Amino acid sequence: MTATAPTAEAAVRKGSPGAARGPRRRPGRIRRAGLPYLLLLPALLLELLVHLVPMVIGAVMSLKELTQFYIRDWGTAPWAGLDNYAVSVDFDAPVGKALLHSFLVTIAFTLLSVGLCWLVGTAAAVFMQDTFRGRGLLRALFLVPYALPVYAAVITWVFMFQHDNGLVNHVLHDQLGLTDKPSFWLIGDNSFLALLTVSVWKGWPFAFLIVMAGLQNIPRELYEAAALDGAGMLQQIRRITLPSLRPVNQVLVLVLFLWTFNDFNTPYVLFGRSAPEAADLISVHIYQASFVTWNFGTGSAMSVLLLLFLLVVTGVYLVLTSRGRRTAP
C-alpha cells in the first residue's frame, strides 16, 4: 500500500491537464522572449542601411584612386591601397600640413565651445531653479536658439557680422566705441571668434535643458540642510549640485563634443564653401578635399581617420568615466 500510493499519485499528476500543458509553455516563452528582438529588427536594418553601409562604402573608397575621372563608375577606379592615408598623415607635405592645421583648429574650437556651452547652460539652469515671476517665459526664451533651424539662425548671424551694416559692428564700434574701426568678422583671424560665438549661442540651450532636467532629481532637503549648516550658494553648488550632476554631465560633455567636432552646417553656412584659415574646421576641410578638389579617395581617407579618432576618444572617455564612477564613494 505504501509503495503503490506515490506511484498512483505520480500517474495522476502526469495525466492531469496541468501536467499536459507544462511542456507546451516553452514555445510560448521563446516567442515572448524573441518578440522584442523582432520588433527591433526593422530599426536595426534601417540603421545598417543609413549608417553602416555608407561607412563601409567610404572605407572602400579610401582605398581607391578615386578622382573626377571615375565619378560615373567609381568601382572601376584603380586601387591605391594605403596611399591616400599616407598622403593625409604626411605632415611635411602640403596636404598633410593643411589637415593637421585643420585638426588643431577643430580641437581648440571644440574645447572652447563645449566648455562655454556647459558653463553658460549650467549657470542658467541653476539660476532657473528659484521661483520668480516670469520664470516660465524666460525658460522658453532660453530654448529659442536650440529650437530654430540651423540655416535660418546662422544666416541671421551672417547678416549681423557684416562689415558695413552689421549689427555687431554697429554696437561695438558706433554705439560703444570699443573698436577703432569696423572689424571683418567673416574673414581673417576674427572668423574664429565669430564661429565660436555662433556655436556657443546655438549649443548652450541644449546644455541648459539637460542640466535643468538633472537638477530636478536633487532633493531640496539637501540644500535646506546645507543652508542651516551655514553653507553659502557657492559651497552648495560645489558640494551638492556638481557631484549630483556628475552622471548627467558625463553624458552631456560627450554628446556636445561629438556634435561640435563633427559640425558642418554652422561653418558652411557662415563662411561658404571655403572657410578662412583661422576657422578651417576639419568637417569643412574634408568637404573641400572631396568636392572642391575632386579627390574623393583622399577625402574618404580623411573621413576614416576622423572616425577612428572619435572612436578612440569616445572609448577612452567612457573607460575613464566608468572607472571614476566605480571609485566614487
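Just after α15, Trp-294 takes a positive phi of about 60°. That is a handy place to start a walk through this predicted model, since several of its features meet around this helix and the loop that follows.

## Around α15

Trp-294 lies in the loop between α15 and α16. Its phi is positive even though the residue is not a glycine. With a relative accessible area of 41%, Trp-294 is partly exposed, because that value falls between the 20% limit for buried and the 50% limit for exposed.

The helix before this loop is mostly covered, with nine of its eleven residues buried. Which residues of α15 are buried? They are Ile-282, Ser-283, Val-284, His-285, Ile-286, Tyr-287, Gln-288, Ala-289 and Ser-290.

Ser-290 deserves a moment of its own. This serine lies in helix α15 and has 7% relative accessibility, so it counts as buried. Leaving aside residues up to four places away in sequence, Ser-290 touches Asn-295, Phe-296, Gly-299 and Ser-300.

## Aromatic rings

The structure holds 19 aromatic pairs. One of them joins Phe-142 and Phe-208 edge-to-face, with 5.5 Å from centre to centre and 85° between the planes. This pair bridges distant parts of the chain: Phe-142 belongs to helix α6 (residues 135–142) and Phe-208 to helix α10 (residues 190–215), 66 residues apart. Phe-208 has a relative accessible area of 0%, so it is buried.

Another pair brings us back to α15. The ring centres of Phe-264 and Tyr-287 are 5.5 Å apart and the planes stand at 55°, so this pair is tilted. Here too distant parts of the chain are linked: Phe-264 sits in the loop between α13 (246–261) and α14 (265–271), while Tyr-287 is in helix α15, 23 residues apart. Are these two partners buried or partly exposed? Phe-264 is partly exposed, with a relative accessible area of 25%, whereas Tyr-287 counts as buried at 17%.

Phe-264 and Tyr-287 also belong to a wider group. Ring pairs link them with Tyr-268, Phe-291, Trp-294 and Phe-296 into a cluster. Trp-294, the residue with the positive phi of about 60°, is therefore a member of this aromatic cluster as well.

Elsewhere, a charge meets a ring. The charged end of Lys-64 sits over the ring of Trp-79, 4.2 Å from its centre.

## The largest pocket

Now for the open space in the model. The largest pocket has a volume of about 740 Å³. It is lined by 23 residues, and those nearest its centre are Pro-54, Met-55, Gly-58, Ser-303 and Val-304. Which helices each supply at least two residues of this lining? They are α3 (25–61), α15 (282–292) and α16 (296–327). Thus α15, the mostly covered helix, also contributes to the lining of the largest pocket. By residue type, the lining divides into 15 nonpolar, eight polar and no charged residues.

## Two loop residues

Two further residues, both in loops, make contacts along the chain. Ile-218 is placed in the loop between α10 and α11 (220–228), and its 6% relative accessibility means that it counts as buried. Setting aside residues up to four places away in sequence, Ile-218 touches Tyr-223, Ile-240, Thr-241, Ser-244 and Leu-245.

Leu-148 is found in the loop between α7 (144–147) and α8 (150–160). This leucine is partly exposed, with a relative accessible area of 38%. Under the same exclusion of residues up to four places away, Leu-148 touches Ala-153 and Trp-201.

For each of them, here is a partner in space:

| Residue pair | Separation in sequence | C-alpha to C-alpha distance |
|---|---|---|
| Ile-218 and Ile-240 | 22 residues | 8.4 Å |
| Leu-148 and Lys-202 | 54 residues | 8.8 Å |

## The whole chain

Stepping back, the protein has 16 helices and zero strands. Of its 329 residues, 32% count as buried. Among contacts between residues at least 6 apart in sequence, 64% join residues at least 24 apart.

Notes. Residues numbered from 1 in each chain as written. Predicted model: local features only at pLDDT ≥ 70, side-chain atom pairs only at ≥ 80, totals over all residues. Heavy atoms only, no water. 1 Å grid on protein atoms, 1.4 Å probe; cavity = no way out; pocket = protein on both sides within 12 Å on 5 of 7 lines; lining within 4 Å. Points joined across faces, edges and corners; volume = space filled by probe spheres on them. Helix = DSSP H or I, 4+ residues; strand = E, 2+ residues; numbered from the N terminus. Nonpolar A, V, L, I, M, F, W, Y, C, P; charged D, E, K, R; others polar. Phe/Tyr/Trp six-rings, centres within 6.5 Å; stacked < 30°, edge-to-face > 60°. Buried < 20%, exposed > 50% of the residue type's maximum accessible area, 1.4 Å probe, protein only. Lys NZ or Arg CZ within 6 Å of the ring centre and 35° of its normal. Contact = heavy atoms within 4.5 Å.
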